[in-house]
Amino acid sequence: MPRTFDLPIPDLTGRRALVTGGSDGMGVGIVSRLAAAGAEVLVPVRNRGKGEAAAAQIRAEHRDARITLPDLDLSSLASVEALAEALLAEGEPIHLLINNAGVMNPPERQTTADGFELQLGTNHLGHFALVGRLLPLLQAGQARVTSQSSIAARGGAISWEDLNGEKSYDSMKAYRQSTLAIGLFGIELARRSQARGWGITSNVSHPGVAPTSLLAARPELGRSEDTREVRMIRWLSRRGVLVGTVESATLPALLAATSPAAKDGGFYGPQGIGGTGGKPGETRLWKSLGNTADAARLWEVSEELTGVTVG
């Protein structure tokens with residue numbers, strides 16, 4: 001049987017949170033815990049039906065949950081800009097931002113609305129642009145930004161000469177690059193905020209390995225059936241062997257985003273063998289995520305690609 005872990009969430013009454021990828025998989029659990037703690041939670045969605053179903057599920061468990069479902073497609077910079085403009089017009093500070101959304105291993109190379117490789121464009125560039133455009137609201141809320149990386153980033157590298165996989169494409173290699181990129185961004189955001197006095201804090205989390213929807217059937221990605229990998233992960237998870245559960249996978253991001261003890265520039269993940277499962281806690285930054293030169297270079301490249309100057 002899988003082990004269960006508890007994580008106390010502080011009172012978030014009066015706080016406004018934004019969670020990408022909050023209508024599916026572990027994102028639903030993250031939103032549920034934040035809403036149960038009193039936060040108003042913005043859950044931007046691409047699929048409104050899925051978002052409404054998730055919100056209804058959470059409200060059934062927490063009657064007073066305050067959840068709003070604005071439109072957002074992270075694979076479109078125009079959609080990111082439209083959401084940011086709407087929120088800036090409201091003028092309400094954002095206190096927590098969890099960059100949780102992601103896509104993984106489409107069977108064939110796909111591109112975003114702006115021509116970027118889908119995983120890089122969604123997992124990293126969409127979030128980079130979102131943070132950049134929402135920076136005034138994040139500063140107003142003295143926000144904490146938590147960016148969700150992946151255990152795959154540990155073996156990832158930035159392909160500087162072929163960021164979009166146009167010369168040579170390998171889906172898993174592209175996924176490793178994209179999740180490394182969002183992790184490098186989260187750490188660099190902490191450095192730049194400290195240096196420039198932006199007043200926000202930033203850290204990075206990873207969920208370990210769990211039977212989430214990332215490797216499940218995703219018709220919108222061209223994957224009609226569950227992958228062999230996710231079937232194996234489900235088998236292991238049910239037996240409590242090595243990997244975590246969907247519920248335990250939510251905890252590192254929640255710890256990083258809400259704990260008063262979570263550190264600016266810190267890194268959080270499961271504490272079990274290999275970081276694949278176990279109790280959440282602070283963990284040593286992987287070498288790939290600690291490359292300050294790569295992080296600074298990626299920041300500049302991301303500004304150029306997205307047309308968004310952060311700060």
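The crossing of α4 and α5 is left-handed, and that pair of helices is a handy place to start in this predicted model. The two axes come within 7 Å and cross at roughly 15 degrees. An angle under 35 degrees counts as roughly parallel, so α4 and α5 fall into that class. Helix α5 covers residues 171-196, while α4 takes in residues 118-140.

Who touches whom here? From α4 come Q119, L120, N123, H124, H127, F128 and V131, and they meet S171, A174, Y175, Q177, S178, A181, I182, F185 and L189 of α5. Sort those residues by class and you get nine nonpolar and seven polar, with no charged residues in the contact.

Now stay on α4 and look at its contact with α3, the helix made of residues 77-90. The angle between α3 and α4 is about 20 degrees, and their axes are 9 Å apart. That angle makes α3 roughly parallel to α4. The handedness is another matter to check: α3 passes α4 in a right-handed crossing. On the α3 side, the contact uses L77, V80, E81, L83, A84, L87 and L88, and on the α4 side L125, G126, A129, L130, R133, L134, P136 and L137. By class, this contact of α3 with α4 has 12 nonpolar residues, one polar and two charged.

One of the α3 residues in that contact is L83, so let's zoom in on L83, which is buried because its relative accessible area is 4%, and buried means under 20%. What does L83 touch once its neighbours within four places in sequence are left aside? The partners are P44, P70, D71, L72 and L130. L130 brings us back to α4, where it is part of the α3 contact. P44 comes from elsewhere in the chain: L83 and P44 are 39 residues apart in sequence, with their C-alpha atoms 8.4 Å apart in space.

Next, move towards the N terminus, to helix α1 (residues 25-36) and helix α2 (residues 48-61). Their axes come within 10 Å and cross at roughly 40 degrees. The roughly parallel class stops at angles under 35 degrees, and α1 and α2 are therefore oblique to each other. Here α1 passes α2 in a right-handed crossing. V28, V31, S32 and A35 of α1 make the contact with A54, Q57, I58 and E61 of α2. Those residues divide into five nonpolar, two polar and one charged.

A little further along the chain is R66, in strand β3 (residues 66-68). Is R66 buried, exposed or something in between? Its relative accessibility is 41%, so R66 counts as partly exposed. The C-alpha atoms of R66 and E40 are separated by 5.0 Å, although the two residues are 26 apart along the chain. E40 has company, too: with neighbours within four places in sequence left aside, R66 is in contact with G14, G38, A39, E40 and V41.

Two loop residues deserve a look for their backbone. Most residues other than glycine have a negative phi. N105 is not a glycine, yet it has a positive phi of about 50 degrees. You'll find N105 in the loop between β4 (96-99) and α4. Q142 also has a positive phi without being a glycine, this time of about 45 degrees. Q142 sits in the loop between α4 and β5 (144-148). With 60% relative accessibility, Q142 counts as exposed, because the cut-off for that class is over 50%.

Finally, step back and take in the whole protein. How many helices and strands does it have? There are nine helices and eight strands. The C-alpha atoms fill a box of roughly 50 × 45 × 40 Å along the principal axes. For 311 residues, a compact globule would have a radius of gyration near 19 Å, so the protein's 18 Å agrees with that expectation. Of the 311 residues, 57% are buried. Long-range pairs show up clearly in the contacts: counting those between residues at least 6 apart in sequence, 74% join residues at least 24 apart. The pairing of R66 with E40, 26 residues apart along the chain, and that of L83 with P44, 39 residues apart in sequence, are the ones to find in the structure as you go back over it.

Methods:
Residues are numbered from 1 along each chain as its sequence is written. This is a predicted model: local features need pLDDT of at least 70, side-chain atom pairs count only at pLDDT 80 or more; totals for chains, interfaces and linings use all residues. Side-chain values use heavy atoms; hydrogens and water are left out. Axes are lines fitted to C-alpha atoms, for helices over the stretch in contact, and angles run from 0 to 180 degrees between N-to-C directions. Helices (H or I, at least four residues) and strands (E, at least two) are DSSP runs, numbered from the N terminus. Angles under 35 degrees count as roughly parallel, over 145 as roughly antiparallel, 65 to 115 as roughly perpendicular and the rest as oblique. A crossing is left-handed if the near helix is turned anticlockwise from the far one by less than a right angle, and right-handed if clockwise. Contact means heavy atoms within 4.5 Å. Ala, Val, Leu, Ile, Met, Phe, Trp, Tyr, Cys and Pro count as nonpolar, Asp, Glu, Lys and Arg as charged, and the others, Gly among them, as polar. The radius of gyration is taken over C-alpha atoms; the globule rule is 2.2 Å times the number of residues to the power 0.38. Buried means under 20% relative accessible area, exposed over 50%, partly exposed in between (1.4 Å probe, protein chains only).
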